[in-house]
Amino acid sequence: WKPLAPHFGHLTPDMVDKAVCRKYIDKRRALDVSNGGIKVEMDYLSAALRFGRAEKLYSGDTPEILRPPKARPSERWLTQEEARKLVKNATGYHVKLFILLSLSTAGRPSHILQLTWDRADLARRTINLDDPDRDATQKGRARVPITDDALEALQVAKEMATSRWIIEYYGEPLKRINQGVKAAARRAKLKNV
């Protein structure tokens with residue numbers, strides 16, 4: 001409420017409209033607050049107004065709250081040299097393997113972390129990113145070829161495997177690996193990876 005109060009605190013719910021919201025968004029942007037931060041603030045305002053309406057603290061319709069658009073994802077591609085540096089600077093075999101599989105499959109991080117050995121056909125050099133244990137969607141996930149670098153890493157990982165998960169840490173699957181990747185990027189002196 002702290003950032004919202006100066007702009008909205010004196011207004012009644014019927015005075016909150018898109019123009020008032022737009023002015024607030026512009027003020028926050030001028031203070032270098034990100035769209036994501038502004039969206040969270042507007043979500044709080046919206047929740048407070050819905051609560052007030054549900055508790056009959058005011059009558060009338062709950063105003064529609066304008067939110068900033070989602071930020072476009074950054075477009076950043078690693079060069080081959082940067083990719084090699086990233087892999088070289090990964091500590092922990094699970095981080096190195098994750099980076100190699102990410103680069104070679106273009107799979108989402110969660111899909112790579114969910115990979116099990118029964119979905120990696122090393123003889124045919126394919127990885128099936130589709131998880132048979134989840135509900136199928138029309139889109140599905142890709143079956144992709146295994147690159148030479150990924151094949152070599154997978155063969156080593158298979159020999160060391162202690163569970164059914166390809167990316168494992170002490171026999172347990174990982175939910176996230178972003179800290180390991182960020183650390184590798186820092187050591188490789190790469191930005192925005």
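The following exercises, with worked solutions, treat the fold, core and one residue of a predicted model.

Local features need pLDDT of at least 70 and side-chain atom pairs count only at pLDDT 80 or more, whereas totals for chains, interfaces and linings use all residues. Residues are numbered from 1 along each chain as its sequence is written, and side-chain values use heavy atoms, with hydrogens and water left out.

**Exercise 1.** Determine which secondary structure elements the protein chain has and why it is described as more spread out than a compact globule.

*Solution.* Step 1: take helices as DSSP runs of H or I with at least four residues and strands as runs of E with at least two, numbered from the N terminus. The protein chain then has eight helices and five strands. Step 2: in sequence order, these elements give the pattern α-α-α-α-α-α-β-β-β-α-β-β-α. Step 3: the radius of gyration, taken over C-alpha atoms, is compared with the globule rule of 2.2 Å times the number of residues to the power 0.38. For 193 residues the rule gives 16 Å; the value for the protein chain is 24 Å, well over that, so the chain is more spread out than a compact globule. Step 4: the C-alpha trace spans about 65 × 40 × 30 Å along its principal axes.

**Exercise 2.** Identify the largest nonpolar core and the helix that gives the most to it.

*Solution.* Step 1: a nonpolar core is a set of buried Ala, Val, Leu, Ile, Met, Phe, Trp, Tyr and Cys residues joined through side-chain atoms within 4.5 Å. Buried means under 20% relative accessible area, exposed over 50%, and partly exposed in between, with a 1.4 Å probe and protein chains only. Step 2: the largest such core holds 32 residues, and Ile-99, Leu-101, Ile-127, Ile-166 and Ile-167 have the most contacts inside it. Step 3: helices 4 (80–88), 5 (93–105), 6 (109–113), 7 (148–160) and 8 (178–187) each supply at least two residues of this core. Helix 5 gives the most, with six residues. Step 4: a second, separate core of 14 residues includes Phe-8, Cys-21, Ile-25 and Leu-45.

**Exercise 3.** Establish whether Thr-105 is buried or exposed, and list its contacts outside its sequence neighbourhood.

*Solution.* Step 1: Thr-105 is found in helix 5. Step 2: Thr-105 counts as buried because its relative accessibility is 9%. Step 3: with contact meaning heavy atoms within 4.5 Å, and neighbours within four places in sequence left aside, Thr-105 touches Ile-112, Ile-127, Leu-129 and Val-144. Step 4: Tyr-93 lies twelve residues from Thr-105 in sequence and 18 Å away in space, C-alpha to C-alpha.
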